[in-house]
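Reader: I should like a close look at a single helix of this model. Please describe how it is placed and what surrounds it.

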Amino acid sequence: IMDISDNNITKDGAKKFAQSLSHSWPDLVELIIAKNELGSDGVSAMLASLVTRSDTGESTDSEKNSTFKNLDLSYTNCGAEGAKAALASGGLHTLRLFGNTIGSDGFDAIAPLLQGGHPNIENLDLGGNNAEEDSVVRLLDSIADKKDDSTHSRLVVLEIGGNKFGDMAMEALTRLQSVWPELDVAHDKPVEESGWKEEDQD
């Protein structure tokens, strides 16, 4: 495990680290690099050194790191592109993208990469990203959308607190759980758009 969180690492530092990831740290399993301003370029450069998902159609470079399993990118300003690069990884089991405020556009961008779940990520944290409810719904529906009956997903924990969650999202969650009943989804309590109104009493 390597914890280099909150170390003022920038995108340039991330790029240099990425160049050494396969050769200098061949047995590294977990990296906590949260609270560094890596940006999408820094995150993407780092993820480029890891093996890619087998279902992306891209060839896997034998020189890329395949032992890396757990990555914490919380508060790294990774952007939608960085989040997409992380989800394209073929080796990660745990991915934390908390607090990157990728918003609704970010959720819409990563939803296709989560269609039918994920082939290797087991624990995915998308909390604190300020996505609107419509985008949360689209994300949940994408996960519930199996490409075919042979679709296999290893996703067992999904954290989406800190994103807008109302009745529509709850309905989408119900649809999702009918497809993947073993998936545990952590979310905020539903908030009604109109707010609570006291009924008149005679």
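Author: Contact here means heavy atoms within 4.5 Å of one another. The model is a predicted one, and the helix chosen for this account is α5, residues 133-144.

The length of α5 may be considered at the outset. At 1.5 Å a residue, its 12 residues should span 16 Å, and because the end C-alpha atoms are 16 Å apart, the expected and computed spans agree.

The next matter is burial, for which the cut-off is a relative accessible area under 20%. Nine of the 12 residues of α5 meet it, so the helix is largely enclosed by the rest of the structure. The buried residues are E133, S135, V136, V137, L139, L140, S142, I143 and A144. Their cover includes α4 (103-110), β6 (157-159) and α6.

Of these elements, α6 (residues 167-179) merits closer description. The two helices pack at an angle of about 5°, and their axes are 9 Å apart. Angles under 35 degrees count as roughly parallel, and α5 is therefore roughly parallel to α6. On the α5 side the contact is made by E133, D134, V136, V137, L140, D141, I143 and A144. On the α6 side it is made by D167, M168, A169, A172, L173, R175, L176 and V179. By character, the residues of this contact divide into 11 nonpolar, no polar and five charged. Regarding the spacing of such positions, an α-helix has 3.6 residues a turn, so residues three or four places apart point the same way.

Several residues in loops elsewhere in the chain may be set beside this helix. C78, in the loop between β3 and α3, counts as buried because its relative accessibility is 1%. C78 touches G39, S40, V43, A83, L97, N100 and I102, leaving aside residues up to four places away in sequence. From C78 to G42 the separation is 36 residues in sequence and 7.9 Å in space, C-alpha to C-alpha.

The loop between β3 (70-72) and α3 (79-87) also holds Y75. Y75 is partly exposed, with a relative accessible area of 43%, and has a positive phi of about 50° although it is not a glycine. Most residues other than glycine have a negative phi. D6, in the loop between β1 (2-3) and α1 (11-24), likewise has a positive phi, near 55°, and is not glycine. At 54% relative accessibility, D6 counts as exposed.

Key. Residues are numbered from 1 along each chain as its sequence is written. This is a predicted model: local features need pLDDT of at least 70, side-chain atom pairs count only at pLDDT 80 or more; totals for chains, interfaces and linings use all residues. Side-chain values use heavy atoms; hydrogens and water are left out. Helices (H or I, at least four residues) and strands (E, at least two) are DSSP runs, numbered from the N terminus. Buried means under 20% relative accessible area, exposed over 50%, partly exposed in between (1.4 Å probe, protein chains only). Axes are lines fitted to C-alpha atoms, for helices over the stretch in contact, and angles run from 0 to 180 degrees between N-to-C directions. Angles under 35 degrees count as roughly parallel, over 145 as roughly antiparallel, 65 to 115 as roughly perpendicular and the rest as oblique. Ala, Val, Leu, Ile, Met, Phe, Trp, Tyr, Cys and Pro count as nonpolar, Asp, Glu, Lys and Arg as charged, and the others, Gly among them, as polar. The expected span of a helix is 1.5 Å times one less than its number of residues.
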